[in-house]
Amino acid sequence: MTSKETRKAFLDFFETKQHKIVPSAPMVIKDDPTLMFTNAGMNQFKNVILGNDPIKYSRIADTQKCLRVSGKHNDLDEVGHDTYHHTMFEMLGNWSFGDYFKREAIEWAWEFLTEVIKLDKDRLYVTVFEGFKEENLERDNEAATIWEQFLSKDRIINGNKKDNFWEMGDVGPCGPCSEIHIDIRPQTEREKIDGLSLVNQSHPQVIEIWNLVFMQYNRKADGSLESLPNKVIDTGMGFERLCMAIQGKTSNYDTDIFMPIIGRITEITGVAYGKDTKSDIACRVVADHIRTIAFSIADGQLPSNAKAGYVIRRILRRAVRYGYTFLDQREAFIYKLVGILCDVMGDSFPEIVVQKDLIEKVIKEEEESFLRTLETGIKLLEKNMPTAKGSTLNGEVAFTLYDTYGFPLDLTELILRENGMSVDTVGFDAEMQKQKERARNAAAVETDDWVMLFNEAESQFVGYDHYSTDTKIVRYRKVKQKNREFYQLVLTNTPFYAEMGGQVGDSGKLVGTADNSVIDIFDTKTENNLNVHLTAKLPQNLNQTFMAEIDVEKRLDTARNHSATHILHEALREVLGSHVEQKGSFVGPESLRFDFSHFQKMTKEEIRRVEQIANRRIRANYQLEEIRQIPIAEARNMGAMALFGEKYGEMVRVIKFGSSVELCGGTHVTRTGDIGMVRVVAESSIAAGIRRIEAITGRAVEHLINLQEDMISTAKEFFNNTPDLIKAIQNAVKENKELQRDIESFRQEKVAELSEKLLSEAKEIDGIKEIRLRTILPADMIKNIVFQLRNTVTEKLFVVIGSVYDEKPSLTVLLTDDLVAQGHNATKLVREAAKEIQGGGGGQPFFAQAGGKNPAGIDKAIDLVRL
């Protein structure tokens, strides 16, 4: 079976078992503060598992694109070096939410593997949870008994808590799991060593392919376990590993998922695959990483220096570095692999095909930028390299190269090794550990268990229609982050919009109806699909009814900016073309930011046209047309664009202003006229093929116009309130240039006169003309004087000039070449004397200048300069 056939077989099989087949969620997660990337198939169902979302389908199956490069699930260091670890991978999975449990999950897994895929039953082993006495958890005898229908007891292996008890995190749903392992070694090896002894021993050909998780507990913050109300089946099967087993390979990279990409790498680089260990690793690293990078960009995450963008940038740079070091690639080449990636995976994931040009441009620019960084790093390394063979480079220096310039440690080691040197890896590791501790402390969040006050099933958001509402606190918990304590509240009803989709969260207050107490809400976030209200303190009476009131002015300003974003998006497509697509946004009360695909800087004329179109539509005063629940297919038929990298449900909300139609969950004005006016204040590039405009609306535009009018009025006052300010400024600039020319001419005359005078008054000491001067001239004029002197007298001239200009002392020394040849050095002379003026400087052996902070020391400094 090909990989495409395998993927289809899995989904078709579970469809026959009455599972709803759903699409993969984006790999990049945008509205979950606990995760940057989807790292498991269950992520998109987390809210259902936690009970925060209703169960829409009790049985689901899919193939999910996942990324594991940070935190607990970090496989990056193994990628390319072994046969089965990846950054991005596909996870085939099936779920049950309160429907079937262990028996069906086990029986269907066995049926699919042995009857549909037809894997050799004798090569399969399974593990079950052995129990954990410290938590009074017994062995999973139920799962073991079911497995005994298919396997002998000796191939059902007890696994410890680390391997066979799955947990979502420190808190949350968890439960025992049962792993299915396969032995793909040649028969000769299997006869020598029983595969049973190699399960979970990191053998590259005795590997786990499917994990069946039986979620039946909830882990609380104090570590205790309670039963889940709805038991959950969550299974995950590594697609790449399954294809390796099916296709009779001993490495994931030898399957039809990777070999076409590796083949293209060898074509581009001219390096054969399978001939050299190091270049083979490099080929695998690049083949793996291109998938991660391309899918991240397609999902809307561009490489950057922050958070998820930084992770993607580091992965891309790792690929570039392997190509640079082991494939001898000094120019960008990874972007050329996007085409073959589209051939391999584009049928199942069309987002990479649609955005192929953008992905290529972003990767190419990032490659070229990092290749320049590598050159800079090599120069810095050479500058800091010890002089003697056998020496060791300081670990702090190596870490600075790594941390500041992205220069990898192993490349530093390679270059040093070629020069007979080494690096202090202990010192490097110590610096790395310090950085990790700093990052960990900055990101550490401690959360208590939720304290439940009411058993409300859901929290209702009423903020589309109301700015205030009666409500009660359903639950609360204390949170500690960066040594700051605050509380999170969940309300029965809330008008507070939670930060999502680029729009900031509401702030406001809760007013107790029983005691008139006021609790400030400083922000609203979404967590596990709950609107979570942040407050510095709890009300004394938690059980009373509250009036929840948002900051209306902030909400209205934010709504103006959000609606303006939609109108600008449509105007950009009209002016620049239909290739323009949203790639990110930020909407706050002060301003808006909109990122979009476009491959060149916008001209002033284009920006002006976009503004004109947008403001014309604002003045048209279009009524908001809102459809809160509409099937996504119908929304698309209305003209609404579904953005790549966004996760949509089957029912969506549509926002329409005139011809502008968008899928959106944010808050908006009721008529476009409420926006007032929009003004673009900045346009810039944030990545290859991605532009950003920043704009303001409403009161902010009024404020900007007032500032500009005040500026013009003040400028006019400088020109006697002339009616033609532009002409007056042009005349002033012209006059200033003429005066500058006159001044320069005058200065040159004075330099010539002073040079001649100094030369005539020079003292001759031991056959050397010596000029010493204390003056009040600027340093640049002094430089002109001494160079004129040097042009006039080419031998045996020694000049020392000290000056205090604008209360700043300076010292200048000049020597003719014959004096330099005798061993004299202007730089050394000036540096020593500059200590008297509390300064420093430098230059060349024949000419040097220094500046300082102590004018009182200038005379002593002049006197100190002696040959």
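In which strand is the place of T524?

## T524 and its surroundings

In this predicted model, T524 belongs to strand β23, which covers residues 523–527. T524 has a relative accessibility of 0%; buried means under 20%, so this residue counts as buried.

The side chain of T524 makes a polar contact with the backbone oxygen of D506, at 2.8 Å. D506 also appears among the residues in contact with T524 once neighbours within four places in sequence are left aside; the others are F496, Y497, A498, E499, G505, V532 and H533.

## Nonpolar cores

The largest nonpolar core comprises 121 residues. Those with the most contacts inside this core are F112, W147, W210, I334 and I363. Helix α9, residues 277–298, gives the most to the core, contributing 12 residues. Another core, of 28 residues, lies apart from the largest one and includes L568, V575, F596 and M602. In soluble globular proteins, nonpolar side chains tend to be buried together.

F112 illustrates the contacts of a residue in the largest core. Not counting residues up to four places away in sequence, F112 touches A9, F10, F13, I117, K118, W210, M237 and L242. W210, one of these partners, is itself listed with F112 among the residues that have the most contacts inside the core.

## Helix α8

Helix α8 spans residues 259–269, and its buried residues are I261, I262, I265 and T269. These residues lie on the same side of α8, because they cover an arc of only 100° around the axis. An α-helix has 3.6 residues a turn, so residues three or four places apart point the same way.

The buried residues of α8 pack against two helices, α9 and α11, the latter formed by residues 338–345. Helix α9 is also the element that gives the most residues to the largest nonpolar core. Just after α8, G270 adopts a positive phi of about 75°.

## The three-stranded sheet

Three strands form an open sheet in the order β28-β29-β30, with antiparallel pairing. β28 (625–631) and β30 (660–663) are the edge strands; each has a single partner strand, so one side of each is left without a neighbour in the sheet. On average, neighbouring strands of the sheet are turned by 25° against each other, direction ignored.

Strand β29, residues 651–657, is joined to β30 by four bridges, and the two run antiparallel. K656 has V661 in β30 as its bridge partner. Helix α17, residues 552–576, packs on the sheet and touches β29 and β30. The direction of α17 makes about 120° with that of β30.

Key. Residues numbered from 1 in each chain as written. Predicted model: local features only at pLDDT ≥ 70, side-chain atom pairs only at ≥ 80, totals over all residues. Heavy atoms only, no water. Core = buried A, V, L, I, M, F, W, Y, C linked by side-chain atoms within 4.5 Å. Buried < 20%, exposed > 50% of the residue type's maximum accessible area, 1.4 Å probe, protein only. Contact = heavy atoms within 4.5 Å. Arc of directions from axis to C-beta. Pairing = 2+ DSSP bridges. Axes fitted to C-alpha atoms, helices over the stretch in contact; angles between N-to-C directions. Polar contact = N/O pair within 3.5 Å; in protein donor to acceptor, adjacent residues only side chain to side chain.
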